[in-house]
Amino acid sequence: MSESQARVVVVEPAARWPSFALGELWTQRELVYFLTWRDVKVRYKQTLFGVAWAILQPLLTMLVFSLFFGRLAKVPSQGVPYPLFALAALVPWTFFANGLTQSANSVVLSQNLITKVYFPRLAIPLATVLAGALDFVLAFVLLLVFLIAYGIAPKASWIGIVPFSLLAFAATLGVGLWLAALNVLYRDVRYAVPFLAQLWLFATPIAYPSSLLGEPWRTVYALNPMVAVVDGFRWALLGTPAPSSASVAVSCAVTLVLLVTGSLFFRRTEQSFADVV
Amino acid sequence: MTQVIRATGLGKRYELGRTLRRDRTLRESVVESVGELMRSTRRNGAQSADRELWALRDATFEIAEGEAVGLIGANGAGKSTLLKLLSRVTAPTTGRAEIHGRVGSLLEVGTGFHPDLTGRENVFLNGAILGMRGSEIERKFDEIVAFAEVERFLDTPVKRYSSGMYLRLAFAVAAHLEPEVLLVDEVLAVGDAAFQRKCLGKMGDVAASGRTVVFVSHNMDAVLRLCTRALLLEHGRVAESGPSAEVVAGYLARGGTGSPPAQWIDLADARRRGSAEARFTRVRYAVPDEPGRVPRPGGPVRFDLEIDSTIAQSVASVAVVLRSQTGVMLLVADIIERGVPLSLTPGRTAVRFDIGALNLTSGTYGVTLWMSQAIGKPIDEVTAFDLEILGDATRGFGASAGSLVHCPFTVSFPSGADAQPD
């Protein structure tokens with residue numbers, strides 16, 4: 001074989017303080033690609049609506065929210081038509097909530113792989129969240145259609161959704177890593193996750209604007225990273241007031257902590273995945 | 001020779017009833033922790049050794065480049081655990097191992113196959129999971145498909161495949177992995193004889209190409225033919241290591257997969273039926289003049305039987321019966337053939353069968369003992385023990401396609417005739 005890299009594989013007891021092993025993950029990026037591709041392919045196999053599910057979920061939620069919160073409860077929407085107001089939040093939220101649920105179950109569902117073959121285990125939740133990104137793109141197209149239908153012209157500020165999308169991705173992965181590893185150890189997670197996602201929905205300004213909160217609380221509120229994401233999306237696309245730099249900073253810091261601790265916890269527990277799962 | 005695998009003190013401990021539990025919930029874990037805390041305060045130190053299991057302990061060995069090594073041993077001896085550690089599926093509790101080169105492990109055929117994906121898609125997915133690069137899979141794709149003989153069904157989801165097609169495709173992907181060190185668990189135990197033969201052939205190719213192979217098997221014939229060296233594991237420890245012929249012989253002399261030769265096998269607890277007026281009490285088999293050796297295909301074997309009778313009687317039929325693993329009756333050595341009944345007296349009677357040529361191929365066979373009158377129900381019928389038959393061949397293939405009857409032959413290629421092998 002041409003590749004004469006004299007690789008040495010070392011087998012030894014689990015380290016107390018694991019490394020991220022990002023280098024290994026990078027050398028196996030093709031595997032991450034194939035696992036993502038599998039998740040994308042499999043997700044809507046043998047379903048009637050297929051890929052339309054990626055659009056139906058935020059669309060139907062938006063309709064329900066618009067009816068109950070917008071029409072009946074008359075929840076303020078910062079001067080933006082309520083359907084747009086809700087959809088701009090639901091698109092990143094759906095990505096987050098689905099990513100959370102799916103990555104929480106990803107490792108347990110891959111137990112046949114984990115007990116039989118070695119590869120960087122981080123590839124599993126990572127691929128799951130990446131596969132969700134495709135749904136996110138499709139849902140975003142739906143959002144574009146609505147923006148145009150409401151006569152909103154593209155602006156330079158739309159670029160702003162890129163960093164906020166990345167923040168959403170990082171937050172999803174951070175929480176997903178924690179839940180995926182915990183789920184291997186304790187199957188309670190399986191039951192807790194739908195409940196967690198539901199509570200998190202109400203703790204995020206999706207049906208209502210975050211302007212309902214006063215200032216010291218708004219920054220505390222930003223401990224939920226999805227607050228900055230949702231406010232950022234609305235600001236970039238709909239021209240609502242920008243989230244304060246303090247709350248964006250808080251959200252970013254929390255996301256970073258989640259991502260780092262999530263990876264470390266995952267790496268620490270992954271050594272025993274094959275024995276426990 | 002350079003050492004490709006160097007292991008020192010490798011050990012794996014499982015905590016019974018804890019880590020092995022599949023579905024553990026937070027509540028259970030809290031309850032256990034509290035229980036453990038109370039126990040540890042009560043009697044300090046004495047770690048509950050009964051709740052621990054060392055699946056592998058203190059395994060130290062070296063494997064040189066290009067060696068084909070067989071891992072043998074009874075079920076639960078730690079073979080698969082060792083393979084799991086070497087392939088990094090799970091981390092050892094103690095010790096360390098270094099492996100030089102690209103490691104490919106094949107602990108199962110079809111790992112990561114997704115039922116909803118097509119054959120084509122699964123080739124790529126499975127290849128990536130086994131450690132192949134996309135370009136590598138693309139290059140070998142046609143070869144893999146041809147090897148698996150599934151061309152027509154490439155775009156069908158594999159859940160619609162027959163189990164044979166599924167296995168063939170899965171093995172084809174694995175077989176085209178080109179690692180420098182190949183770790184193989186008992187994948188050969190699945191599939192039909194033709195499939196197993198294909199697997200063995202491919203592994204032989206890998207070994208012959210100078211790559212290192214570590215191979216777990218219960219098939220002693222395959223170990224002898226494929227492996228230059230063998231490690232015998234017993235109760236999680238490496239009991240023996242050396243040339244495969246010696247290690248296999250030593251293993252079989254101590255019983256191996258069946259019962260040991262040249263030792264009395266007590267039948268008190270054996271599965272039996274019959275009127276019990278007389279019973280087989282014990283049995284022994286051996287190759288005359290070669291105690292400790294299991295019989296060879298076509299070679300002699302002697303059976304010594306002991307019968308304990310309650311009454312004086314004459315029995316027409318006393319027999320040794322050999323069956324295949326699937327229960328097919330293959331050989332019967334019966335005194336009824338000679339027309340000389342056996343006179344039993346109250347107490348013990350010995351019977352000896354000398355079989356001149358045991359015309360069965362290498363493998364494991366079930367031995368049943370039979371005693372009856374010419375007609376009617378058995379007086380005693382005992383499922384006695386498993387007998388291993390093993391040849392001396394250290395190259396080539398095992399008996400073709402799972403054949404059972406040993407057939408001595410010679411082969412030549414007379415010149416002039418159109419006997420050119422293809």
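**Chain B, contact range.** I began with how far apart in sequence the contacting residues of chain B sit. Counting contacts between residues at least 6 apart in sequence, I find that 74% join residues at least 24 apart. This is a predicted model, so I keep the confidence scores at hand.

**Chain B, make-up.** Next I listed the secondary structure: chain B has 8 helices and 20 strands. I also looked up burial, and 39% of its 422 residues count as buried.

**Confidence.** For chain B the mean pLDDT is 85, with 87% of its residues at 70 or more. I marked residues 41-47 of chain B, where the pLDDT is below 50; this stretch has 0 contacts in the model beyond near neighbours in sequence. For the model I noted ipTM 0.82 and pTM 0.81.

**Chain A, make-up.** Turning to the partner, I counted 12 helices and 1 strand in chain A. Read along the sequence, the pattern opens with the strand and then runs through the helices: β-α-α-α-α-α-α-α-α-α-α-α-α. I then checked the radius of gyration of chain A, which is 20 Å; the globule rule gives 19 Å for 277 residues, so chain A is as compact as a globular protein of that length. Along its principal axes, the C-alpha trace of chain A spans about 60 × 45 × 40 Å.

**Chain A, burial and contacts.** Of the 277 residues in chain A, 45% are buried. Among its contacts between residues at least 6 apart in sequence, 82% join residues at least 24 apart.

**A sheet built from both chains.** Where does strand 1 of chain A end up? I traced an open sheet of 4 strands, in the order 1(A)-4(B)-1(B)-2(B), with antiparallel pairing. Strand 1 (8-11) of chain A and strand 2 (52-64) of chain B stand at the edges; each has a single partner strand, so one side of each is left without a neighbour in the sheet. I get an average twist of 15° from one strand to the next.

**Pairings, one by one.** I followed the link between the chains: strand 1 of chain A and strand 4 of chain B run antiparallel and are joined by 4 bridges. Within that pair, A:Val8 stands opposite B:His100. At the other end of the sheet order, strand 1 (residues 3-15) of chain B runs antiparallel to strand 2 of chain B, with 9 bridges joining them. Here B:Tyr14 faces B:Leu53 of strand 2 as its opposite residue.

**Helix across the sheet.** I then looked at helix 2 (residues 79-86) of chain B. Helix 2 of chain B lies across strand 1 of chain A as well as strand 1, strand 2 and strand 4 (94-100) of chain B, and it runs at about 65° to strand 2 of chain B.

**Interface.** How many residues does each chain bring to the contact? I count 33 from chain A and 42 from chain B. On the chain A side, strand 1, helix 2 (29-43), helix 5 (111-114) and helix 12 (273-276) each supply at least two residues. Helix 2 of chain A gives the largest share of that side, with 6 residues. Sorting the chain A side by residue type, I get 19 nonpolar, 4 polar and 10 charged.

**Last note.** To close, I return to the edge strand of chain A: residues 8-11 form its strand 1, and this strand is among the elements of chain A that touch chain B.

Conventions: Residues are numbered from 1 along each chain as its sequence is written. Chains are lettered from A and ligands numbered from 1 in the order in which they are written. This is a predicted model: local features need pLDDT of at least 70, side-chain atom pairs count only at pLDDT 80 or more; totals for chains, interfaces and linings use all residues. Two strands pair if DSSP finds at least two bridges between them. Axes are lines fitted to C-alpha atoms, for helices over the stretch in contact, and angles run from 0 to 180 degrees between N-to-C directions. Two residues are in contact if their C-beta atoms, placed from the backbone, lie within 7 Å. The radius of gyration is taken over C-alpha atoms; the globule rule is 2.2 Å times the number of residues to the power 0.38. A residue is buried if 20 or more other C-beta atoms lie within 10 Å of its own, exposed if 12 or fewer, and partly exposed in between; C-beta atoms are placed from the backbone. pLDDT is the predictor's confidence in each residue, from 0 to 100. Ala, Val, Leu, Ile, Met, Phe, Trp, Tyr, Cys and Pro count as nonpolar, Asp, Glu, Lys and Arg as charged, and the others, Gly among them, as polar.
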